[in-house]
Amino acid sequence: HILPLATDMDRLEATPVRPGRADTAPWDPDAQRLLEQYVETQPFLVRISAAKRVRDQVERDAVGAGDDRVTADRVASTLAALKIGQAV
């Protein structure tokens with residue numbers, strides 16, 4: 001089979017639909033720079049997926065903590081958790 005069967009696809013976690021930009025917490029410039037610095041350390045071919053994965057996790061962490069903005073501290077704590085395998 002070239003394409004996966006629907007039963008195989010149903011076993012995977014669904015990709016969350018990203019809400020409109022108005023619904024996401026605004027990012028502080030320092031937080032954005034910290035994310036960009038992290039992405040630049042990743043191999044070139046995986047930078048886009050790494051950026052999306054980390055950005056989504058940071059935003060989930062911020063919402064979970066009740067933050068109204070994404071700060072550099074939030075990015076740093078999420079990156080630290082990712083490095084030790086606590087976050088997905």
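This is a short walk through one predicted model, from the overall fold down to a few side chains.

Start with the secondary structure. The protein has four helices and zero strands. Read from the N terminus, the order of elements is α-α-α-α.

Next, burial and surface. The chain has 88 residues, and 28% of them count as buried. The exposed area comes to about 6,600 Å². Carbon and sulfur atoms supply 59% of that area.

Now contacts. Take the contacts between residues at least 6 apart in sequence: 61% of these join residues at least 24 apart.

On to one piece of the surface. Which residues make the nonpolar surface patch? They are Phe44, Leu45 and Val46, and the patch covers about 390 Å². Leu45, the middle name in that list, sits in the loop between α2, residues 29-40, and α3, residues 47-64. Is Leu45 buried or exposed? Its relative accessibility is 81%, and the cut-off for exposed is over 50%, so Leu45 counts as exposed.

Last, the aromatic rings. How many aromatic pairs are there? The count is zero. For a pair, the ring centres would have to lie within 6.5 Å of each other. There is, however, a charge over a ring to report: Arg55 lies over the face of Trp27, at 4.4 Å from the ring centre. The distance cut-off for that kind of placement is 6 Å. Arg55 falls within the range given for α3, 47-64.

To recap, for the predicted model: four helices and zero strands, a nonpolar patch at Phe44, Leu45 and Val46, and Arg55 over the face of Trp27.

Methods. Residues are numbered from 1 along each chain as its sequence is written. This is a predicted model: local features need pLDDT of at least 70, side-chain atom pairs count only at pLDDT 80 or more; totals for chains, interfaces and linings use all residues. Side-chain values use heavy atoms; hydrogens and water are left out. Rings of Phe, Tyr and Trp (its six-membered ring) pair if their centres lie within 6.5 Å; planes under 30 degrees apart count as stacked, over 60 as edge-to-face and the rest as tilted. A charge sits over a ring if NZ of Lys or CZ of Arg is within 6 Å of the ring centre and within 35 degrees of the ring normal. Patches are made of residues with over 30% relative accessible area and no salt bridge: like charges are joined within 9 Å, nonpolar side chains (Val, Leu, Ile, Met, Phe, Trp, Tyr) within 5 Å. Accessible areas come from the Shrake-Rupley method with a 1.4 Å probe; for residues, only the protein chains shown count as cover. A salt bridge is a side-chain nitrogen of Lys or Arg within 4 Å of a carboxyl oxygen of Asp or Glu. Helices (H or I, at least four residues) and strands (E, at least two) are DSSP runs, numbered from the N terminus. Buried means under 20% relative accessible area, exposed over 50%, partly exposed in between (1.4 Å probe, protein chains only). Contact means heavy atoms within 4.5 Å.
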